[in-house]
Amino acid sequence: MKNALEAYLKEQKIEYYGVLSYSDCREIGKEIIERSGIVPRSVILYLVPYYVGDGENFSSYATSYDYHIILREIGEGIISLLKRYFPDSHSVAYGDHSPIDEKYAAASLGLGVIGLNKLLINEKYGSYVFIGDVVTDVDPEKLCAQGPVLPRGCVGCGKCLDACPTGILSGDESLGCLSAITQRKGELTDAEIALMRSVGTAWGCDECQRCCPHNKKIAVTGIEFFHRERITRLERDAVEEMDRSAFIKRAFSWRGKKTVLRNIDILEGGAACEGE
Ligand code: B12
Ligand code: SF4
Ligand code: SF4
């Protein structure tokens, strides 16, 4: 299984991965694992580098197709391998809505350090990596699980604390994270609108990544998925014209078109509510 996993991930252009015992992970979604119906024993975790370039008026992660699609594909490939080698096994693939703190698990595998920007930072791809994981009931020993290492922190220069437009990284929780604000449905407050305009983002926020010295000279992803049909600027007409199948392939689609259009209008100085 070890060699087959290595070969499969190499084929997918995944260079950083590892196996941990579930008990070495920090569980943040007990209900998620309960819903899955499996007895979690091991986690196969992998980094998916995504950087191709910045977005002009939105976050770089959303310029490519929705990363959940590729995380699901890779996760399902791993599950097929597990079924081949352990026919009675039960496994579930996650990426984002995972029952574990994915950054902590990745750092415990030594795949990167945890930055003061709260992100996992890899030596080759910086913080521009998504984290995917497969939780399985296969015994960790059978998967040659590693013992966890003590998670390490970044160089601690503090640039992200200064760059964060809301101050949340320095402990000011009054506005929250701008990324979350742009992903919220409904009407935004005047302060939230002013913030979006000052940063110039219609979706997500990269301020604590762009300034980070660990992200200088990072490698562009070799995964073809992220290079396909990129959108580098969010424009009202283009978003409006997208049919349902084109729209749902995008990472900015999950709160619906009205939310994205509201955000574009905010940047262009127009209406700040979703309207009809
Ligand atoms: C909810 C969520 C959000 C929310 C809230 C974020 C938050 N910080 O809680 C919102 C919408 C704001 C958000 C925004 C973003 N997110 Co998000 N998010 C998540 C999600 C689903 C859960 C996070 C969570 O609740 N973790 C649990 C809490 C306890 O951890 P935490 O406070 O975030 O992290 C602390 C601990 O890990 C702790 N820690 C533990 N051990 C150690 C050891 C040391 C030495 C140190 C120093 C610290 C430390 O340090 C961290 C910082 O305090 C994860 C996926 C997952 N299941 O993990 C993705 C995830 C964290 N998000 C991701 C991304 C890409 C983003 C954005 C960059 C997107 C964007 N460009 O707009 C921003 C970045 C914001 C930021 N700087 O954190 C990626 C991060 C990949 C990476 N390289 O780290 C993840 C892992 C999704 C994925 N599957 O790839 N996100
Ligand atoms: S994503 Fe933006 S608002 Fe959120 S922590 Fe980073 S810099 Fe601050
Ligand atoms: S900007 Fe500095 S403090 Fe912030 S994550 Fe990067 S190295 Fe760490």
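**Exercise 1. Which residues of strand E3 lie on one side and which on the other, and are they buried or exposed?**

Solution. Start with the stretch itself: E3 covers residues 91-94. Ser91 and Ala93 sit on one side, Val92 and Tyr94 on the other. That split fits the usual pattern, since in a regular strand side chains alternate between the two faces of the sheet. Now check burial, where a residue needs 20 or more other C-beta atoms within 10 Å of its own to count as buried. Ser91, Ala93, Val92 and Tyr94 are all buried, so both faces of E3 are covered. Keep in mind that we're working with a predicted model here.

**Exercise 2. Work out the order of the strands in the open sheet, and find its edge strands.**

Solution. Go pair by pair.
- E3 and E6 are antiparallel partners, joined over four bridges.
- In that pair, Ser91 has Thr136 of E6 as its bridge partner.
- E2 (residues 42-49) also pairs with E6 in the antiparallel sense, this time over eight bridges.
- Here Ser42 stands opposite Thr136 in E6.

So Thr136 of E6 turns up in both steps, facing Ser91 and Ser42, with pairing itself requiring at least two bridges between strands. Put together, the four strands of this open, antiparallel sheet run in the order E1-E2-E6-E3. The edges are E1 (17-21) and E3, each of which pairs on one side only. From one strand to the next, the twist averages 20°.

**Exercise 3. Which strands does helix H3 lie across, and at what angle does it run to E6?**

Solution. Take H3, residues 67-85, and look at what it passes over: E2, E3 and E6. Against E6, the helix runs at about 35°. For contrast, try H1 (residues 2-11), which is hardly covered, with one buried residue among its ten. Just after H1, have a look at Lys13, which takes a positive phi of about 65°.

**Exercise 4. Where does ligand 1 lie relative to domain 1 and domain 2, and why?**

Solution. First set up the domains: the protein chain divides into domain 1 (2-143) and domain 2 (166-204 + 234-267). Their C-alpha centres are 26 Å apart. Eleven residues of domain 1 contact twelve residues of domain 2. On the domain 1 side of that contact, seven are nonpolar, three polar and one charged.

Next, the ligand. It is surrounded by 31 residues, with Leu120, Phe130, Pro151, Ser179 and Gly204 the closest. Helix H4 (102-108), strand E6 (129-136) and H6 each give two or more residues to this shell. H4 has the largest share, four residues. By class, the shell holds 15 nonpolar, nine polar and seven charged residues.

Final step: domain 1 and domain 2 both give residues to the shell, so ligand 1 lies between them.

**Exercise 5. How many residues of each class are in the shells around ligand 2 and ligand 3?**

Solution. For ligand 2, list the neighbours, among them Cys164, Cys177, Cys205 and Cys208, along with Asn117 and Glu207. Helices H6 (178-182) and H8 (207-210) are the elements that give two or more residues. Sorted by class, you get eight nonpolar, three polar and one charged.

For ligand 3, there are 14 residues around it, and Gly115, Cys154, Cys157, Cys160 and Cys212 come nearest. The class count is eight nonpolar, five polar and one charged.

Key
Residues are numbered from 1 along each chain as its sequence is written. Chains are lettered from A and ligands numbered from 1 in the order in which they are written. This is a predicted model: local features need pLDDT of at least 70, side-chain atom pairs count only at pLDDT 80 or more; totals for chains, interfaces and linings use all residues. A residue is near a molecule or strand if its C-beta atom, placed from the backbone, lies within 6 Å of it. Ala, Val, Leu, Ile, Met, Phe, Trp, Tyr, Cys and Pro count as nonpolar, Asp, Glu, Lys and Arg as charged, and the others, Gly among them, as polar. Domain bounds come from an automatic or database domain assignment. A residue is buried if 20 or more other C-beta atoms lie within 10 Å of its own, exposed if 12 or fewer, and partly exposed in between; C-beta atoms are placed from the backbone. Axes are lines fitted to C-alpha atoms, for helices over the stretch in contact, and angles run from 0 to 180 degrees between N-to-C directions. Two residues are in contact if their C-beta atoms, placed from the backbone, lie within 7 Å.
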